[in-house]
2 protein chains.
Amino acid sequence: MENKTSKEIVIPSYEDIIEAHKRIGNYVHRTPVLTSKNLNELAKCSLFFKCENFQKTGSFKARGAMNAVLSLPKDKLANGVATHSSGNHAQALAFAAKIVGTKATIVMPRTAPKPKINSVASLNAEIIFCEPTLKSREETLSEVVEKTGAVVIHPYDNPFVIAGQGTCAKELFEDGYKLDFILAPVGGGGLLSGTSISTKFLSKNTKIFGVEPEGANDAYKSFRDNKIYPSVNPQTIADGLLTSLSERTFKIIKHNVDDIITVSEEMILQAMFLIFERLKIVVEPSGAVPFAGVLQHNTIFEKKKVGIILSGGNVDLSKMPFH
Amino acid sequence: MENKTSKEIVIPSYEDIIEAHKRIGNYVHRTPVLTSKNLNELAKCSLFFKCENFQKTGSFKARGAMNAVLSLPKDKLANGVATHSSGNHAQALAFAAKIVGTKATIVMPRTAPKPKINSVASLNAEIIFCEPTLKSREETLSEVVEKTGAVVIHPYDNPFVIAGQGTCAKELFEDGYKLDFILAPVGGGGLLSGTSISTKFLSKNTKIFGVEPEGANDAYKSFRDNKIYPSVNPQTIADGLLTSLSERTFKIIKHNVDDIITVSEEMILQAMFLIFERLKIVVEPSGAVPFAGVLQHNTIFEKKKVGIILSGGNVDLSKMPFH
């Protein structure tokens, strides 16, 4: 990746994704693609589920974090890495740090769910608890950096993270799937950005869609009005999609993505249950959002070949309304 | 399979399992084997999960039903097939009948769970409801047979069904796994019988264990005391393991199986949750029973290579105590 002047935003190229793939290939899974006749009949199209729920740490985030950490020069790595996250990026960064033998410090809100805290702790990361506000998260992270000199790895506003996430769609096309559409969930836009760069390069006729919950539709509005709306008080069960686009991810998405569609909470749950019931795999609500998009906007996808990035499987089953 | 005089019990041979595999190969999946470093560390042994939850109709039962139906002479097939079942065999027989183009009639207790009724109905089988007692099930099935001339396919006391179930372990050994142990759940003993015949032939040093819930331990007692105990008022969440051994399955199990161990309800649930959480796949309680055996009787399996037949994934999530 080239150095740019401070004003310019670094955008990863497809070459950066190739480099990322070489770098992380020994540490992350090449995940399988599942299909289901039954779901195809139900959705009236051909679905190809790229199963990042089977990825290391249970989500695609391991790709980006691994690439970012492996790309750091040795002297910078020595002081460790840090982030604030209560979700999949926390586990991914802890995992990557463990592999390269450096320390990860994760700032987590004290209200974070126990299973997530346990996962991060089991990967030997140090957890610093803060209040459950963005302000407290950022201040606490600043303190950590000041004290330790750790490098902050942002969950999505980082070109190496974006390049790592792009390896997922790269595998899908390399495996020979000819797709009319590729769908990824949108939170901060790291996965959708990486997916769009790989897709534009490898399969230029494939339409690239982001899918977002109606109750957290900041990316949808940003795409529509061509300006970034922050995510304010998002209300959705898809806890991985609460964040706002960054200037970097917005720029990439605006340039590459064909559309962003939104889905209702009911459809997210229905999609999640169908994946449990028919594919027999565990998916988190955020990971079910693209399939919900196919169900809710069915006429767009009828009779088409649709790639679905099933982004993760870290779900707290006790919180799901199975009844 | 040779014809025997009426008094003699027909026991399938490994050759019958080879034949079964050829017969059903185009219609059922060769299921994947999953491993997890994380679960290996937890269980202190090397685990190989043979994923029959990904099998057609969501359980290994598709193998046996398919083999039994494909083995029927054309003239017998013409009148259709029938069984009484509220579980996985019902779906499997409906599936097999649909493939060969004959009719399946399934006698189901009127209390059977809605999702199971829907699955059977969606496979075009005719459902006849009866009272939820064995007497009513058997009487209703007799009436069906009398009226239609349908062939009854028993869920496990049928040599073709047993030979079909044996193809699962056959695949595991053919895939090159060298196992110290192979574990299957025991209900009526069809899967364990088939597994034991394949294992004895393909890997004679592999120990064969059946695993059963403590609250439905009739096979355990039968094995111990060398006489068949019926399953009386079984109490377990593992709804696939409520049935009793038949003379045929008892004879095979006595001859081939090294031991039957039992597991607590708590351990079944813990095993099921661990499989959800770490393997990210959906397993039904009965399917989690062998892994529960490894967890509960850990010293037996320490540092060994253990094959686990994860028998199915048809679980009613709304009934699971996730809280």
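What rotation and what shift along its axis superpose chain B on chain A? In this predicted model, a rotation of 180° with 0.0 Å of shift along its axis does so, at an RMSD of 0.0 Å.

In the predicted model, local features need pLDDT of at least 70 and side-chain atom pairs count only at pLDDT 80 or more, while totals for chains, interfaces and linings use all residues. Residues are numbered from 1 along each chain as its sequence is written, and chains are lettered from A and ligands numbered from 1 in the order in which they are written.

**Figure 1. The rotation axis and the contact of chain B with chain A.** The superposition of the copies is by least squares on the C-alpha atoms of residues with pLDDT of at least 70 in both. A rotation of 180° without shift (0.0 Å) is the relation of a two-fold axis. I281(B) comes closest to this axis among the residues of chain B, its C-alpha lying at 2.0 Å. The contact takes 12 residues from each of chain B and chain A, where two residues are in contact if their C-beta atoms, placed from the backbone, lie within 7 Å. On the side of chain B there are six nonpolar, five polar and one charged residues; Ala, Val, Leu, Ile, Met, Phe, Trp, Tyr, Cys and Pro count as nonpolar, Asp, Glu, Lys and Arg as charged, and the others, Gly among them, as polar.

**Figure 2. The two domains of chain A.** An automatic or database assignment sets the domain bounds, giving domain 1 (14-59 + 158-319) and domain 2 (62-152). Their centres, taken over C-alpha atoms, are 24 Å apart. In the contact, 24 residues of domain 1 of chain A meet 17 residues of domain 2 of chain A. The largest share of the domain 1 side, eight residues, comes from α8(A).

**Figure 3. The crossing of α1 and α8 in chain B.** Helices are DSSP runs (H or I, at least four residues) and strands likewise (E, at least two), numbered from the N terminus. The axes of α1 (14-24) and α8 (159-174), lines fitted to C-alpha atoms over the stretch in contact, with angles from 0 to 180 degrees between N-to-C directions, come within 8 Å and cross at roughly 85°. The two helices are therefore roughly perpendicular (65 to 115 degrees). Residues of α1(B) in the contact include D16(B) and H21(B), and those of α8(B) include P159(B) and K170(B).

Technical notes:
Angles under 35 degrees count as roughly parallel, over 145 as roughly antiparallel, 65 to 115 as roughly perpendicular and the rest as oblique.
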